[in-house]
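Dear colleague,

I am passing on a structure that you have not worked with before, and I would be glad if you could look it over. Below it you will find my notes on what turned up.

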Amino acid sequence: MSNPPMFRDPWAKLDAWRTHPLFSKTTMLRNLFPGFGIAVVAFTGYVIAENVYLKGKKVEESHHH
């Protein structure tokens, strides 16, 4: 049976999770807004579709009192 490595810093073992790739800054930033990319694509599609749809229609102004 192998012996566990000796740590000079007594807290190094407890702080090892901080260097795990799951907790890196880029991963945390990417997961900050999980649905943002889909929302941007959906909104862009909606704006394009609305502009194409309304391009053929004449916009009439009506004055209501």
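Phe-33 and Phe-36 are a good place to begin, since in this predicted model both of these residues are exposed. A search of the whole structure finds 1 aromatic pair, and the rings of Phe-33 and Phe-36 form that pair, with their centres 6.2 Å apart and their planes at 50°, so the pair counts as tilted.

The two phenylalanines also belong to a nonpolar surface patch of about 550 Å², to which Leu-29, Leu-32 and Val-40 contribute as well. Of these patch members, Leu-29 is found in helix 1, which covers residues 25–30, and Leu-29 has a relative accessible area of 61%, so it is classed as exposed, the cut-off for that class being over 50%.

As for the chain as a whole, there are 2 helices and 0 strands, and buried residues account for 2% of its 65 residues. The accessible surface of the chain comes to about 7,100 Å², and carbon and sulfur atoms hold 66% of that surface.

When you open the model, you might start from the patch made by Leu-29, Leu-32, Phe-33, Phe-36 and Val-40, and then turn to the tilted ring pair of Phe-33 and Phe-36.

With best wishes

Key
Residues are numbered from 1 along each chain as its sequence is written. This is a predicted model: local features need pLDDT of at least 70, side-chain atom pairs count only at pLDDT 80 or more; totals for chains, interfaces and linings use all residues. Side-chain values use heavy atoms; hydrogens and water are left out. Patches are made of residues with over 30% relative accessible area and no salt bridge: like charges are joined within 9 Å, nonpolar side chains (Val, Leu, Ile, Met, Phe, Trp, Tyr) within 5 Å. Accessible areas come from the Shrake-Rupley method with a 1.4 Å probe; for residues, only the protein chains shown count as cover. A salt bridge is a side-chain nitrogen of Lys or Arg within 4 Å of a carboxyl oxygen of Asp or Glu. Helices (H or I, at least four residues) and strands (E, at least two) are DSSP runs, numbered from the N terminus. Buried means under 20% relative accessible area, exposed over 50%, partly exposed in between (1.4 Å probe, protein chains only). Rings of Phe, Tyr and Trp (its six-membered ring) pair if their centres lie within 6.5 Å; planes under 30 degrees apart count as stacked, over 60 as edge-to-face and the rest as tilted.
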